[in-house]
Amino acid sequence: MTARVVGLLLLGFVYGAIGSLALAEEPAAHLQRLLASPGALEKGRQAGKKATFFCANCHGETGNAAYGHIPNLAGQNPVYLLDQMQKFADGRRRSRSMSSLIKMIKAEDLANIAVYYAGQPVLSVPPPQPALVAKGRQLYGLSCRACHGDNGYGTEKLARLAGQRPSYILESIQHYQEGRKERVDLVMTNIARRLSGEDAAALANYIVTMK
């Protein structure tokens, strides 16, 4: 075999590899394809349910957290969910468990997981301090509604708050107040630092009642 033939074969291999990479669908593109077709969406959800093997221990089989300090993923906007997973994967967000586990999940399955959890209902949990709900409702209207919406469902850029566990909300507010690296957001930091301990508790007790 001549050097020229060897060179052509190697060139063909390289272009073939590049072509294969080009055919690999990016998670965001895969997500949009799923959302555009009811049939594809259902297949994606089924695949996502299987892929949540890595997630269920903390976030629950249906995205309803197994522990109070873990966020519910059920009912979140799928675009928001995928964006957060990608942030953990590339280091923009950090978590001792998430940062390592997320790298074990195939890129395509990130979108599948997002649509699976997004389609799950949030389980209702009673507020631990019902007497604070009314005050929490008022505070939500003043501090949270403008960004997270009347119903707390969030957007493609902002998390769903409705139905989140009180202990998770309280811990998140505390992280913003302390300026921890995993909770860096100027708007949220300014809002959180204006809240007293009772204010935070009131918000947490109201948010868990939102459906």
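Reader: What makes Phe53, Phe54 and Met104 a nonpolar surface patch?

Author: These three side chains form a nonpolar surface patch of about 350 Å², an accessible area found by the Shrake-Rupley method with a 1.4 Å probe, where for residues only the protein chains shown count as cover. Patches take residues with over 30% relative accessible area and no salt bridge; like charges are joined within 9 Å, and nonpolar side chains (Val, Leu, Ile, Met, Phe, Trp, Tyr) within 5 Å. A salt bridge would be a Lys or Arg side-chain nitrogen within 4 Å of a carboxyl oxygen of Asp or Glu. Do keep in mind that this is a predicted model: local features need pLDDT of at least 70, side-chain atom pairs count only at pLDDT 80 or more, and totals for chains, interfaces and linings use all residues. Residues are numbered from 1 along each chain as its sequence is written, and side-chain values use heavy atoms, leaving out hydrogens and water.

Reader: Why is Phe53 called exposed?

Author: Exposed means over 50% relative accessible area, buried under 20%, and partly exposed in between (1.4 Å probe, protein chains only). Phe53 has 68%, so Phe53 is exposed.

Reader: And why is Phe54 called partly exposed?

Author: Its value is 30%, which falls between those two limits, so Phe54 is partly exposed.

Reader: How do you know that Phe53 and Phe54 form an edge-to-face pair?

Author: Rings of Phe, Tyr and Trp (its six-membered ring) pair if their centres lie within 6.5 Å; planes under 30 degrees apart are stacked, over 60 edge-to-face, and the rest tilted. Here the centres are 5.6 Å apart and the planes meet at 80 degrees, so the pair is edge-to-face.
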